[in-house]
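Please look at the structure below before reading on. The notes concern one polar side chain and one nonpolar core.

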Amino acid sequence: MGTMVREIRAAKSIYLPDSVFDSSPGSLSLETTNYLPPGGQTTRLSFYICQEQFCFKKEGQDPLVLTSNEVKIKTLKFNRVVTGSVESVEISLEVSSDNPGNRPEKEADISLTTVTSLRSY
């Protein structure tokens, strides 16, 4: 979740055409000035679920899986919150352990929710 929070804070804006809000699986696309190609002014980043894993994709590159193969993403939901001129994103994430042997000591679930604001000025 730390990578996503850092990227949201640094983003120039939320790229609405590629974002899916208020449902799971959701996706979030951001316009940023980080990772610019030569001569570029902005580029896009995306966060989404790919094959039960949490993925981060930079425009023009292959996705990077951010979660261990020992966990599965059960829910990923984004909500856009606008207060005055400040855009924020509420992120809800539910993760469970991948437990192919159904061993009770390997069962684990966690739900995380956070809100972070874009800080581009």
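The points below treat a predicted model, beginning with Gln53 and ending with the core.

1. Position of Gln53. This residue belongs to strand S4, which covers residues 53-58. Its relative accessibility is 12%. Gln53 is therefore classed as buried, since the cut-off is under 20%.

2. Polar partners of Gln53. What does the side chain of Gln53 find within polar reach? Its partners include the side chain of Thr67, through a polar contact of 2.6 Å. In addition, a polar atom of the Gln53 side chain lies 2.8 Å from the backbone oxygen of Val71.

3. Surroundings of Gln53. Once residues up to four places away in sequence are set aside, Gln53 touches Tyr48, Val65, Thr67, Ser68, Asn69, Val71, Lys72 and Ile73. For one of these, Ser68, the C-alpha to C-alpha distance to Gln53 is 7.8 Å, at a separation of 15 residues in sequence.

4. The largest nonpolar core. Which of its 19 residues touch the most other members? They are Ile8, Leu28, Phe78 and Val89. At least two residues of this core come from each of helix H1 (2-10) and strands S2 (28-32), S3 (43-50), S4, S6 (71-83) and S7 (86-97). S7 gives the largest share, four residues.

5. Contacts of Phe78. Leaving out neighbours within four places in sequence, Phe78 is in contact with Met4, Val20, Phe21, Asp22, Gly26, Ser27, Leu28, Phe47, Val89, Glu90 and Ile91. Among them, Leu28 and Val89 also appear with Phe78 in the group of core residues that touch the most other members.

Definitions and conventions. Residues numbered from 1 in each chain as written. Predicted model: local features only at pLDDT ≥ 70, side-chain atom pairs only at ≥ 80, totals over all residues. Heavy atoms only, no water. Buried < 20%, exposed > 50% of the residue type's maximum accessible area, 1.4 Å probe, protein only. Polar contact = N/O pair within 3.5 Å; in protein donor to acceptor, adjacent residues only side chain to side chain. Contact = heavy atoms within 4.5 Å. Core = buried A, V, L, I, M, F, W, Y, C linked by side-chain atoms within 4.5 Å.
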